[in-house]
Amino acid sequence: MTERDSSPLTGALSRRRLLQGSALAGIGAFIAACRPAGGGVASPTAAGSTAPTEAPSTGASAPAASTGQLGGKLNFANWTAYIDLTVDPGPDGQEGTADDAYVLPSPTLDQFTQATGIEVNYKEAVNDNEEFYGTDLQGPLSQNQPTAWDLIVMTDFMAARLIRQGWVETIDTSGMTNFPTNLEDAYLTRTFDPGAKMTAPWQSGMTGIGFDSAKTGELSSLDDFWDPKYKGKLDYLSEMRDAVGLSAIRLGFDPSTITDDQFDKSLAEIKKAIDSKLVRTIKGNDYLTDLASGDVIVSMAWSGDIIQLNKDKPTLAFAVAKEGGMLWTDNMMIPKGAPNKKQAEAFIDFYYDPGIAAQVEDFVNYVCPVKGAKEALLAINPDNANNPLMFPPADVLARIKVFKGLDEATEKKYLNAWNTVIGL
Amino acid sequence: MGEWAFRHRQWAPYLLLAPGLIWLAIFYAFPAFQMFLASLSVGTIETGFTFTFQVSNYTDSLTRYSDQFIRSLAYGLAATIIAFLIAFPLAYAIAFRAGRYRNLMLFLVIAPFFTSFLLRTLSWKIILSDNGMIVGVLKSLGVVPEDFRLLATPAAVVAGITYNFLPFMTLPLYVALEKIDRRLVEAAEDLYAGPWRPGGTIVGTLVGAGLVGVLTWIFEWSVPAGVVFGAVVGGLIGTLFVSQSFLWVILPLSLPGVFAGSLLTFIPAVGDYVNAELLGTPTAQMIGNVIQSRFLKVNDIPTASALSFTLMAMILFAVFIYARALGTEDLTGGAV
């Protein structure tokens, strides 16, 4: 046989080559199957509803079930690792290592099911506000159909947009004991939902400076984001309101009353930083991998993230700049036409109990909007209760700002300008 | 039944094509038509889209994103060239010199495809990280300055694209080289064409200088240094390794593979966005990133659709010119 005929791609198939080929394919499949199962990154399975098999943990106070045994089902879409989950130690069997994952069951969800009889279908379906809006909300709601969800968690600006479009149900607080009684006063005066009639804040967070204290020392000023010392080792956030808001604060403007002119000036500052190659990348949540690997030593950061990274890299720190920071809130909302509205309201009422809120706070580590949660947390975990990142003191609260609520035309204009600057 | 089928056998080709055509119609033609209608509409995702034959979508987006278009074509071209330079010697070795190990080597070429595309790109983040195994070593040797980085640069983006599409270039080249009749090469060598007669000095110098010069310009490194380096290395490789029989017999006969391989590499490379997103920087974003942002983040469907069709048109145009340059009559015979 000539060389050509024995080539795998052009020659005739002989029995010998068929056996060779299958052996190679078999080895390939074996190698592919032998990879370690799953990754270490927190992407929990969040499968299906939790069954009420566990007794509530002794540390939590059983809240007064204001709705009794309501029963039924609840479809809840939330962000990743945003409720108290269980830590799965991963293949190495040890907690606190890089291959841990956060999975159901969630202790507070089980307590909720025990108290009310409602089965919760908890899914971590939200990765990005616009993405979730485009895939899950816009389609059904624009046709006046109910979505697949009874309760969703969206950030302020998306909540404002949904309220503006009339796609959110009003929360019926007539039977509730905890909401809005236990809601911190600051949340009652937000421009897009005064009195918190349609949104129930889930967690808040602050945007500030995330840095590697071993490489930079203690940072406290927004000027550090424009410091040539950190050229090429700086990350900005891709969230327009966070990045432009911080730039506005640095120039002395107030983001909650920002005008077009002030917006343009703040954006120009960011453009200068990008054009002079100060900024390494502009990204969303994955600034954390850059900080963890040391490629970036200063980044715009969200408060709760750094705490979670500190297990792996204790030198990482977070600070709200002395000029100020941004405050954003993720809100629970009931989409229009949700079939299980009563169950969703029961959920909101249950989670505004300080004891339950404290348990969630202990895990999630963001800023809690529930009054009395700090005191309840002191009993469970005093370190977290005294952490200024989770319960900011009055002087920090005074200098964090919420970005102004925008109407559709302005939002589009600002987003366009922002996208041009970041090259998209 | 068989009698009836035999009498109507002229329908056989159409019936055989039917499943493929129906698939194409439902999953390609119809959505493409929808997208074309969307590209001529106005509106937002909140208020809905209305068809108004808005041609300004095309002109506006072209002027606004001209940087990203040019950059995408440049990166795609750079990735194709580098992939060609790596894949050709590889395919040559497998076709001409592998002998018993040919199947194993082909398997190794395809082996990276067993892992996911995203995972392979993410692994480059670790390899190229600032204190990692390449840049860290170079820094400690003092070859590069302390603030040098490979990640978040155009070079990293092109490297990622090249790595991801290398098998697409290697396999068609291998098939084309494998088909070459060895007796032609023997005959050329009998007629004083090598194998050791250096045929490539001038060609190597010029090609090396040109290619490396273009690449350093794309990567924003020093162009004169790149041109000199390319000329020297190209000249050396041309003199020492490229024989006349290679240049005048093997290379022309492998052109169908070159054509197929470069198309399979260039076309997806231009539209790629994962590499620019993970390995790039704000000034190195490609048109794929813009389209993704317009579609999924800003929900600006008309602009995104217009950009997609513009990109398709550009690639078709580029391929048409390329096919003319290589001469299409000989190319369909051996292309994969």
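**Exercise 1. Describe how domain 1 and domain 2 of chain A are laid out and how they meet.**

Chain A is divided into domain 1 (44-198 + 334-392) and domain 2 (205-327 + 404-421), bounds that come from an automatic or database domain assignment. This is a predicted model, in which local features need pLDDT of at least 70 and side-chain atom pairs count only at pLDDT 80 or more, while totals for chains, interfaces and linings use all residues. Residues are numbered from 1 along each chain as its sequence is written, chains are lettered from A and ligands numbered from 1 in the order in which they are written, and side-chain values use heavy atoms, with hydrogens and water left out.

Step 1: taken over C-alpha atoms, the centres of domain 1 of chain A and domain 2 of chain A are separated by 27 Å. Step 2: 16 residues from domain 1 of chain A and 19 residues from domain 2 of chain A take part in the contact, where contact means heavy atoms within 4.5 Å.

Step 3: the size of an interface is often given as the accessible area lost when the parts come together. Here domain 1 of chain A and domain 2 of chain A bury about 1,500 Å² between them, with 54% of it on carbon and sulfur atoms; buried area is the accessible area (1.4 Å probe) that two parts lose on being put together, summed over both. Step 4: 2 salt bridges are found across the interface of domain 1 of chain A and domain 2 of chain A, a salt bridge being a side-chain nitrogen of Lys or Arg within 4 Å of a carboxyl oxygen of Asp or Glu.

**Exercise 2. Characterise the interface between chain B and chain A.**

Step 1: the contact brings 42 residues of chain B against 39 residues of chain A. Step 2: about 3,500 Å² is buried between chain B and chain A, 48% of it on carbon and sulfur atoms. Step 3: the count of salt bridges between chain B and chain A is 3. Step 4: Asp290(A) and Lys125(B) meet through their side chains in a salt bridge, at 3.7 Å from N to O.

**Exercise 3. Place the salt bridges of helix H7 of chain A in their surroundings.**

Step 1: over all chains, the search of the whole structure yields 22 salt bridges. Step 2: one joins the side chains of Glu269(A) and Arg250(A) at 3.0 Å, N to O, and this pair links distant parts of the chain, with Glu269(A) in helix H7 (residues 260-275) and Arg250(A) in helix H6 (residues 240-250), 19 residues apart; helices (H or I, at least four residues) are DSSP runs, numbered from the N terminus. Glu269(A) counts as buried at 15% relative accessibility, whereas Arg250(A), at 24%, is partly exposed; buried means under 20% relative accessible area, exposed over 50%, and partly exposed in between (1.4 Å probe, protein chains only).

Step 3: Glu269(A) also forms a salt bridge with Lys272(A), with the closest N and O atoms 3.0 Å apart. Both residues lie in helix H7 of chain A, 3 residues apart, about one turn of the helix, and Lys272(A) is exposed, with a relative accessible area of 53%. Step 4: salt bridges that share partners also join Arg161(A), Arg164(A), Arg241(A) and Glu411(A) into one network, in which the side chains of Arg161(A) and Glu411(A) meet at 3.5 Å, N to O.

Step 5: Asp260(A) forms a salt bridge with Lys413(A), the closest N and O atoms being 2.7 Å apart. This pair connects helix H7 with helix H15 (residues 408-421) of chain A across 153 residues, and Asp260(A) is partly exposed at 35%, as Lys413(A) is at 44%.

**Exercise 4. Classify the ring pair of Phe112(A) and Phe347(A) and set it in context.**

Step 1: the count comes to 32 aromatic pairs over all chains, where rings of Phe, Tyr and Trp (its six-membered ring) pair if their centres lie within 6.5 Å, and planes under 30 degrees apart count as stacked, over 60 as edge-to-face and the rest as tilted. Step 2: the rings of Phe112(A) and Phe347(A) have centres 5.1 Å apart and planes at 75°, so this pair is edge-to-face. Step 3: because Phe112(A) lies in helix H2 (residues 107-116) and Phe347(A) in helix H10 (residues 341-351) of chain A, the pair ties together parts that are 235 residues apart in sequence. Step 4: Phe112(A) is buried at a relative accessible area of 0%, and Phe347(A) is likewise buried at 0%.

Key:
Helix = DSSP H or I, 4+ residues; strand = E, 2+ residues; numbered from the N terminus.
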